[in-house]
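Reader: I am in my first year and still learning to read structures of this kind. Could you take me closely through one part, the hollow spaces and the helices around them, and then whatever else belongs beside it?

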Amino acid sequence: MALFSTIPSYENSALLRNPNIGLNKSPRPRTSNGSLRLISLKIRATHTQVADSSSVQPLLTKPLEITQLPIFQFDEYLSMKAKKVEKALNEAVPLQYPKKIHRAMRYSLLSGGKRVRPVLCLASCELVGGDQSLAIPTACAVEMIHTMSLIHDDLPCMDNDDLRRGKPTNHKAFGEETAILAGDALLSLAFEHIAAKTTKVVSPERVVRAIAELGSAVGSSGLVAGQIVDVLSEGKEVTLEELEYIHVHKTAKLLEASVVCGAIIGGGNEGEVERMRKYARCIGLLFQVVDDILDVTKSSVELGKTAGKDLASDKATYPKLMGIEGARNFAAKLVAQAIEELAHFDAARAAPLYCLANYIANRQT
């Protein structure tokens, strides 16, 4: 199984404290006020103990030397960024005529979620020296495309799911025809939004590069490629290499585009953009590996979506091919590779991406 590398981003002086203290990358150790305390200069193999022992998630398989980082208030950072994205998304899709299609678009787009992709986009923009305002339209576009993929993935002709983020799926709430059109509308709006709303401070050449990157991530060499191979693989024997192809394209490509587009819009040079691509590909695949693990270790109530669907439909997953522990060890390797890429960037600006990699590895929904 091929393993990738990784990259990083961000800076916000209000969230960074005492730049002489280093980072201990255990699973999100907390101070009493919820900040992420980062103390030693090594990342150690460790586990997060939760109520259900089946949900214990390993992080890294061996110590890694990393650069010093300040204490970073990750919860505050994530909440602040998510609120900015939520406000921008609400403004991007007003409730207007024809109301039914816009209600359907808003229903799924504004239904919560972790907003990991747009936050990564903003973080990568800031890592390379850009202001987050430059990347807000692109971050919104990424979330529009992600939402489209969820709406379409839930359709009866695809995964036939009834629950998403704890609510009825779009086609259950509005009907299949409207759900399909809502997804189509969000996809087209995403590219329009980048082109029309990105400030003129960003050069046209960079805007076009970002649009091309995002288009490639979602098309027949990206998300769609992963989807079709996934559909055609149901009920068949799938190798680890084939499974990696599915998830790199179906899941990791869009997450990769989130990070890469943020770096492009923020003014990153070619070297920075490529390091971020490696980082993002690792955490993109990591996201899916963790998703596979949660699907067999969590309930529908805990996940906010139907649990055990992959098993019921006989889909290939990492736990199925590698076992739960094998999948967790693979996730740990992906985290380690991602963090290696971050070492090439300013420690303070990279702090959010260290935390985001850890957050993805240890998420419980």
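Author: Helix H4 (132–153) and helix H8 (223–233) each supply at least two residues of the lining of the second largest pocket, and in this predicted model it is H8 that gives the most to that lining, with 5 residues. The lining of this pocket is made up of 15 residues in total, and those that lie nearest its centre are His 152, Met 158, Leu 223, Val 224 and Gln 227. The volume of the second largest pocket is about 240 Å³, and by class its lining residues divide into 10 nonpolar, 4 polar and 1 charged.

Two of those residues, Met 158 and Gln 227, return when we turn to the second largest cavity, since they line that space together with Asp 153, Asp 159, Asp 230, Val 231, Glu 234 and Lys 315. Here again H8 gives the most to the lining, this time with 3 residues. The second largest cavity holds about 30 Å³ of space, and the classes of its lining residues read 2 nonpolar, 1 polar and 5 charged.

The structure holds 2 cavities of 30 Å³ or more, and the largest cavity brings us back to H4, from which the largest share of its lining, 3 residues, comes. H2, H4 and strand E8 (167–168) are the elements that each supply at least two residues of this lining. About 100 Å³ of space lies in the largest cavity, and of the 13 residues that line it, Ser 108, Ser 111, Asp 154, Arg 164 and Asn 170 lie nearest its centre. When the lining of the largest cavity is sorted by class, it divides into 4 nonpolar, 5 polar and 4 charged residues.

Helix H2, which has just been named as a contributor to the largest cavity, is a convenient place from which to look at two details of the backbone. In the loop between helix H1 (74–92) and helix H2 (99–109) you will find Pro 98, and the peptide bond that leads from Tyr 97 to Pro 98 is cis, with omega near -5 degrees. In the loop between H2 and helix H3 (116–127) you will find Arg 115, whose phi is near 55 degrees, a positive value in a residue other than glycine.

A last step takes us to a pair of helices, and one general idea helps in reading it. Two packed helices are described by the angle between their axes together with the distance between those axes. For helix H6 (residues 176–197) and helix H7 (residues 204–218), the axes come within 10 Å and cross at roughly 165 degrees. An angle over 145 degrees counts as roughly antiparallel, and H6 and H7 are therefore roughly antiparallel to each other. The crossing of H6 and H7 is right-handed, and the residues that make the contact are Leu 187, Phe 191, Ile 194 and Ala 195 on the side of H6, with Val 207, Ile 211, Leu 214, Gly 215 and Val 218 on the side of H7. Sorted by class, the residues of this contact divide into 8 nonpolar, 1 polar and no charged, and the polar one is Gly 215, because glycine is counted among the polar residues here.

How values were computed: Residues numbered from 1 in each chain as written. Predicted model: local features only at pLDDT ≥ 70, side-chain atom pairs only at ≥ 80, totals over all residues. Heavy atoms only, no water. Axes fitted to C-alpha atoms, helices over the stretch in contact; angles between N-to-C directions. Helix = DSSP H or I, 4+ residues; strand = E, 2+ residues; numbered from the N terminus. Parallel < 35°, antiparallel > 145°, perpendicular 65-115°, else oblique. Left-handed = near helix turned anticlockwise from the far one by under 90°. Contact = heavy atoms within 4.5 Å. 1 Å grid on protein atoms, 1.4 Å probe; cavity = no way out; pocket = protein on both sides within 12 Å on 5 of 7 lines; lining within 4 Å. Points joined across faces, edges and corners; volume = space filled by probe spheres on them.
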